[in-house]
Amino acid sequence: MSIRVLIADDQALLRGSFAMLVDTAPGLATVGEAATGVEAVELARRERPDVVLMDVRMPEMDGVEATRRICGPEGVPGTRVLILTMFDLDAYVYPALRAGASGFLLKDTRPAELLTAIGVIAAGEALLAPTVTRRLIAGYGPTAPSGEPASPPGELVGLTDREREVLALVGPGLSNAEIGARLRVGLPTVKSHVSRLLDKLGARDRVQLVIACYDTGLAAPARPGAGSWR
């Protein structure tokens with residue numbers, strides 16, 4: 001079955017370009033195009049796509065609120081959002097990830113990479129570019145412009161010491177293989193810990209674990225100019 005994709009962007013030329021790219025790719029199909037956040041939510045509820053390519057700056061309702069309505073408790077089950085932005089330090093991206101987006105890409109991403117990303121998101125994985133994610137959280141994490149309070153440290157009470165160690169390594173963007181090497185445990189063990197973290201923290205995917213790691217203070221954002229940024 002084809003992966004069903006909804007495209008939300010206020011620029012008609014970009015919507016058309018994305019739609020053409022998606023519709024010519026094997027296993028993908030466009031199910032709608034939205035020029036505003038309101039249209040994106042309405043189409044998502046009606047068409048129930050697998051993936052929404054969501055611009056963050058749109059009229060009537062921005063991509064952050066549209067993402068929240070699609071991914072929230074009263075949203076569209078099974079639909080995942082991939083944020084598209086012009087700038088890797090866009091102030092809207094961090095709130096969109098908090099709202100439930102499964103990842104983000106820059107709009108100048110190569111076509112093949114965008115198609116791969118759609119498949120990754122549709123498969124239930126999170127799409128994180130570790131370097132850019134660290135920069136985003138360093139810039140917006142402690143004082144996220146969403147206006148929402150940071151998650152209380154009490155969320156970590158139910159975690160084991162090992163689970164806290166794993167979460168602290170997920171935060172900076174380490175892969176499962178890198179976490180396993182750091183803790184000297186096998187890949188299946190790391191995957192098991194990550195799965196339990198998702199369940200215990202009620203996290204939608206790995207992106208939400210990254211946010212929880214910083215919101216609870218388990219990891220501190222990198223300082224500007226620090227080596228971990230590169």
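Helices and strands are here DSSP runs, numbered from the N terminus. In this predicted model, Asp9 is placed in the loop between strand β1 and helix α1, the latter spanning residues 12–23. The residue is buried, with a relative accessible area of 1%; this value falls under the 20% cut-off that defines burial. The side chain of Asp9 is joined to that of Lys107 by a polar contact of 2.8 Å. When neighbours within four places in sequence are left aside, the residues in contact with Asp9 are Leu14, Arg15, Ala34, Ala35, Asp55, Met58 and Lys107. Lys107 thus appears both in the polar contact and in the list of contacting residues.

Helix α2 comprises residues 37–47, and its buried residues are Gly37, Ala40, Val41, Leu43 and Ala44. The elements covering these buried residues include three strands, β1 (3–8), β2 (28–34) and β3 (51–55), together with helix α3 (63–71). Just after α2, the backbone at Arg48 takes a positive phi of about 50°.

A further loop position is that of Arg57, between β3 and α3. Arg57 counts as partly exposed, at 43% relative accessibility. In sequence, Arg57 and Leu84 are 27 residues apart, while their C-alpha atoms are 9.7 Å apart in space.

Charged pairs were examined next. Side chains of opposite charge can pair when their charged atoms come close. In this model the count comes to 10 salt bridges, including several that involve helix α7 (residues 161–170), described below. Within that helix, Arg162 forms a salt bridge with Glu165, with the closest N and O atoms 3.1 Å apart. The two residues are separated by about one helical turn, because they lie three residues apart in α7. Both partners are partly exposed: the relative accessible area is 28% for Arg162 and 37% for Glu165.

Glu163, in contrast, is buried, with a relative accessible area of 2%. One of its partners is Arg196, with which Glu163 forms a salt bridge whose closest N and O atoms are 3.1 Å apart. This pair links distant parts of the chain, since Glu163 belongs to helix α7 and Arg196 to helix α9 (residues 187–201), 33 residues apart. Arg196 counts as partly exposed, at 35% relative accessibility.

The side chain of Glu163 also meets that of Lys200 in a salt bridge, at 2.9 Å from N to O. Glu163 lies in helix α7 and Lys200 in helix α9, so this pair ties together parts that are 37 residues apart in sequence. Lys200 is likewise partly exposed, its relative accessibility being 40%. A separate set of residues, Arg4, Arg46 and Glu47, is joined into one network by salt bridges that share partners.

Technical notes
Residues numbered from 1 in each chain as written. Predicted model: local features only at pLDDT ≥ 70, side-chain atom pairs only at ≥ 80, totals over all residues. Heavy atoms only, no water. Buried < 20%, exposed > 50% of the residue type's maximum accessible area, 1.4 Å probe, protein only. Helix = DSSP H or I, 4+ residues; strand = E, 2+ residues; numbered from the N terminus. Contact = heavy atoms within 4.5 Å. Polar contact = N/O pair within 3.5 Å; in protein donor to acceptor, adjacent residues only side chain to side chain. Salt bridge = Lys/Arg side-chain N within 4 Å of Asp/Glu carboxyl O.
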